[in-house]
Amino acid sequence: MTDQECLIHLDTPPICILNVDDYPPGLYARTKILRQAGFEVIEATTGKETLRLVSEHKPAVVLLDVNLPDMHGFEVCRRIRADAAVSATTILHISASSIEKQQQVHGLNTGADGYLIEPLDPSVLIATIRAYLRARQAETALRRSNEDLERFAYRVTHELNEPLRTISMHGQLLENRLEGTLDPDALRSFQFMQDGVRRMRSFIDDLLRYSQATHAGSDVRELDFEMLLRETLTSLGAAIEESGAKITYESVPTVIADSRFEHVLQNLISNAIKYRRKNSTPEIHVSAELDGNAWLFAVRDNGIGIEDQYKHVIFQVFQRLHGKDIPGTGVGLALAQKIVEANGGKMWVESTPGVGSTFYFTIQLAGQNAAPAAG
């Protein structure tokens, strides 16, 4: 066996670690410690060699020296993170000279999972590596669980929609065939059936979207929020006309974001219309302002408002405050919040009962790694 190979055994293969250091004594000593702990180790002394070995062997962990002869360790880390095939690799910077606080912060901000300072006790090194491996395994298990849940939700919704389509189609055919012969009670029965099918379809579609909202959507692009808002108002035209709602907005920005933000806007505006005060015209105002490294959006209404104890409850799936008095599935706000959070933002509400509510959500600026600021 050479230092550049990870052995594959017939039983469970050992965990492969890429040890990167251009200082031969340090490289030798660390490799010896890792092998004594049961890890399989490959070695590199340059950034170029590191990138090649990561691509070829896909090690579980890269112990990456910060100061390499051909390129900086931070740049090596950035390139690994940019390669989708190996971007999930655990990367730990390790250095005896680049130990200033700003260097550590920069190293972590460019994609490293950890930053180790030498000299490091061997037992601490091994324990640290194993801790990061446990965290990565838990993350992988959670991701697979989420993927299984999405597949399950898709299959269930498909199986439920098929009989609903059959019921709706044959119900409509039967109603058409019997047109002119049905008494008012029979007509109402057909209407109740079709309304029930529509509500169930809406619930199933919302449930599927909710199960798929954990991660940012694949359609991340430049979004003209003003155009998105206009399209939303067009789709809600009937509800706006029926309620007489007055909707205004200030200049809203163009952002890099998931196209599913259309659902966020539609849910907030439609809720503002639905939860209006009696004998009061809905007034809704949409605005956005730059707040640190994020855009802070606000949707303000003059509706019935929300009591303090329910401000978090409304974002929980299937939780509704008004029962069947107001139509809905109890999924919309929960889905809107998941979409915002999947894109690195936050969503919350401020409200005064009998006066109105303001829903806030943030979208971080393109290229920003930090969490968006909350107003």
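**Two open sheets and their helical packing in a predicted model**

Five strands are arranged as an open sheet in the order β2-β1-β3-β4-β5, with parallel pairing, where two strands count as paired if DSSP finds at least two bridges between them. Its edge strands, each pairing on one side only, are β2 (40-44) and β5 (114-117), and the twist from one strand to the next averages 20°. The structure is a predicted model, in which local features need pLDDT of at least 70 and side-chain atom pairs count only at pLDDT 80 or more, whereas totals for chains, interfaces and linings use all residues. Residues are numbered from 1 along each chain as its sequence is written, and side-chain values use heavy atoms, with hydrogens and water left out.

Within this parallel sheet, strand β1 (residues 16-20) pairs with strand β3 (residues 61-65) in the parallel sense over four bridges, and V20 has L64 as its bridge partner in β3. Helix α1 (residues 24-36) packs on the sheet, where it touches β1, β2, β3 and β4 (90-95), and its direction makes about 165° with that of β1. Contact here means heavy atoms within 4.5 Å, while axes are lines fitted to C-alpha atoms, for helices over the stretch in contact, and angles run from 0 to 180 degrees between N-to-C directions.

In total, the protein contains 10 helices and 12 strands; helices (H or I, at least four residues) and strands (E, at least two) are DSSP runs numbered from the N terminus. Of its 375 residues, 40% count as buried, the class being defined by a relative accessible area under 20%, with exposed meaning over 50% and partly exposed in between (1.4 Å probe, protein chains only). Among contacts between residues at least 6 apart in sequence, 67% join residues at least 24 apart.

Two helix pairs can be described in detail. The axes of helix α2 (residues 47-57) and helix α3 (residues 73-82) come within 10 Å and cross at roughly 25°, and the two helices are therefore roughly parallel to each other, given that angles under 35 degrees count as roughly parallel, over 145 as roughly antiparallel, 65 to 115 as roughly perpendicular and the rest as oblique. The crossing of α2 past α3 is right-handed, a crossing being right-handed if the near helix is turned clockwise from the far one by less than a right angle, and left-handed if anticlockwise. At this junction, G47, T50, L51 and V54 of α2 meet V76, R79 and I80 of α3.

In the second pair, helix α7 (residues 225-235) and helix α9 (residues 261-274) pack at an angle of about 50°, their axes lying 10 Å apart, and these helices are therefore oblique to each other. The crossing of α7 and α9 is likewise right-handed. Their contact is made by F225, L228, L229, T232, L233 and S235 of α7 together with F261, E262, L265, Q266 and I269 of α9.

A further open sheet of five strands follows the order β7-β9-β10-β12-β11, and its pairing is mixed. Strands β7 and β11 (347-352) form its edges, each pairing on one side only, and neighbouring strands are turned by 15° against each other on average, direction ignored. Strand β10 (residues 294-301) and strand β12 (residues 356-364) run antiparallel and are joined by seven bridges, with F359 in β12 as the bridge partner of V299. Helix α9 packs on this sheet, touching β7, β9 (283-291), β10, β11 and β12, and its direction makes about 175° with that of β12. Helix α10 also packs on the sheet, touching β11 and β12, with its direction at about 135° to that of β11.

Nine of the 11 residues of helix α10 (residues 332-342) are buried, so this helix is largely enclosed by the rest of the structure. The buried positions are G332, L333, A334, L335, A336, Q337, I339, V340 and A342. After α10 comes G344, whose phi is positive, near 85°.

At the level of a single residue, E250 lies in the loop between β7 (246-249) and β8 (254-258) and is partly exposed, with a relative accessible area of 42%. Leaving aside its neighbours within four places in sequence, E250 is in contact with H285, V286 and S287. The C-alpha atoms of E250 and H285, which are 35 residues apart along the chain, are separated by 8.0 Å, and the side chains of E250 and H285 are joined by a polar contact of 2.9 Å. A polar contact is a pair of N or O atoms within 3.5 Å; within protein, one must be able to donate a hydrogen and the other to accept it, and residues adjacent in sequence count only if both atoms are side-chain atoms.
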